[in-house]
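Got your viewer open and a selection box ready? Here is a short walk through the model, one stop at a time.

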Amino acid sequence: MKVALYPGSFDPITNGHLDIIERASKIFDRLIVAILVNAQKQTLFTVEERMGMIREVARPWDYVEVDHFEGLLVDYARRRGVHTIVRGLRAVTDFEYELQMALTNRQLDPEFESVFLMTSKDNVYLSATLVRQVAQFGGDVGPFVPPCVARRLKEKFQTLPEK
Ligand code: ADP
């Protein structure tokens, strides 16, 4: 059974992430979507909210598992007995950071392998940051995220105090 991890912030999950999850299904039998919890980084959604949204949108795919972790990715991967991660590549701007991360992870654990999947052209400029900004100012995020995520974004910005 071929298993891979798909780590990220997923704050929130977007159509770009879904694109990678779908592509990974053609290569792997099981995909663990793992939310990196960084206590120093402020996020819009809590880890429970992010996990809930991923579970909801990934419900049709039983090869997807949702989890979260703190600390080093290689340590989490070892604990889970998985040695492969999947990452999505958008424009060339992703490349430098991803190369740095992949080489560092390989240095920390020589068994560790990173697999990069190219996104589809519709999602090349899509990021969770962009989605949060559009939602914050009341723009239509419909083209960028699944409907249940669009709903949560709307609710979130209605309940957040004005800055
Ligand atoms: P971001 O906040 O940049 O959207 P995450 O930390 O949640 O990203 O990203 C997790 C992984 O998903 C990374 O490998 C990232 O490159 C990938 N990813 C994010 N958005 C897209 C997209 N639009 N198309 C393909 N991959 C993406």
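Before the first stop, one rule for helix lengths: the expected span of a helix is 1.5 Å times one less than its number of residues. Keep in mind, too, that you're looking at a predicted model.

**Stop one: helix α6**

Select residues 147-159, which make up α6. With 13 residues at 1.5 Å a residue, this helix should span 18 Å, and its end C-alpha atoms sit 19 Å apart, which agrees. Now colour Cys148, Val149, Leu153 and Lys156: these residues of α6 are buried. Turn the view to look down the axis of α6, and the buried residues fall within an arc of 140°, so they line one face of the helix. Flip to the other side of α6 and you'll find Pro147, Lys154 and Gln158 exposed. What covers the buried residues? Add α2 (47-57) and α5 (128-136) to the selection; both are included in the cover over the buried residues of α6.

**Stop two: helix α4**

Next, pick residues 93-108 for α4. This helix has 16 residues and reaches 24 Å from its first C-alpha to its last, close to the 22 Å expected at 1.5 Å a residue. Show side chains for Asp94, Glu98, Ala102 and Asn105, which are buried in α4. Looking down the axis of α4, you'll see its buried residues within an arc of 65°, so here as well they line one face of the helix. Which elements do the buried residues of α4 pack against? Bring up α3 (73-80), β4 (84-89) and β5 to see the packing partners. Then swing round to the face of α4 turned away from the buried side, where Glu96, Gln100 and Gln107 are exposed.

**Stop three: the ligand**

Centre on the ligand and show its surroundings: there are 18 residues around the ligand, and Tyr6, Gly88, Thr119, Asn123 and Leu126 come nearest. Try some distances here:

- From an oxygen atom of the ligand to a polar backbone atom of Gly88, you should get 2.7 Å.
- From a nitrogen atom of the ligand to a polar side-chain atom of Thr119, the distance is 2.9 Å.
- From a nitrogen atom of the ligand to a backbone N or O atom of Leu126, expect 2.9 Å.

Stay with Asn123 for a moment. Which loop holds Asn123? Follow the chain from β5 (113-118) to α5, and Asn123 is in the loop between them. Is Asn123 buried or exposed? Its relative accessibility is 8%, so Asn123 counts as buried. Select Asn15, Gly16, Asp19 and Arg90 as well: leaving aside neighbours within four places in sequence, these are the residues in contact with Asn123.

**Stop four: the aromatic rings**

Last, show the aromatic side chains; the count comes to three aromatic pairs. Start from Tyr6 and add Phe10: their ring centres are 5.1 Å apart and their planes meet at 80°, so this pair is edge-to-face. Tyr6 has a relative accessible area of 5%, so it is buried, and Phe10 counts as buried at 2% relative accessibility.

Now jump to Phe69 and Tyr76. Is this pair stacked or edge-to-face? Phe69 and Tyr76 are stacked, with 4.6 Å from centre to centre and 15° between the planes. Phe69 has 4% relative accessibility, so it counts as buried, and Tyr76 is buried with a relative accessible area of 3%.

Conventions. Residues are numbered from 1 along each chain as its sequence is written. This is a predicted model: local features need pLDDT of at least 70, side-chain atom pairs count only at pLDDT 80 or more; totals for chains, interfaces and linings use all residues. Side-chain values use heavy atoms; hydrogens and water are left out. Rings of Phe, Tyr and Trp (its six-membered ring) pair if their centres lie within 6.5 Å; planes under 30 degrees apart count as stacked, over 60 as edge-to-face and the rest as tilted. Buried means under 20% relative accessible area, exposed over 50%, partly exposed in between (1.4 Å probe, protein chains only). Helices (H or I, at least four residues) and strands (E, at least two) are DSSP runs, numbered from the N terminus. The arc is that of the directions from the helix axis to the C-beta atoms. Contact means heavy atoms within 4.5 Å. A residue is near a molecule or strand if one of its heavy atoms lies within 4 Å of it. A polar contact is a pair of N or O atoms within 3.5 Å; within protein, one must be able to donate a hydrogen and the other to accept it, and residues adjacent in sequence count only if both atoms are side-chain atoms.
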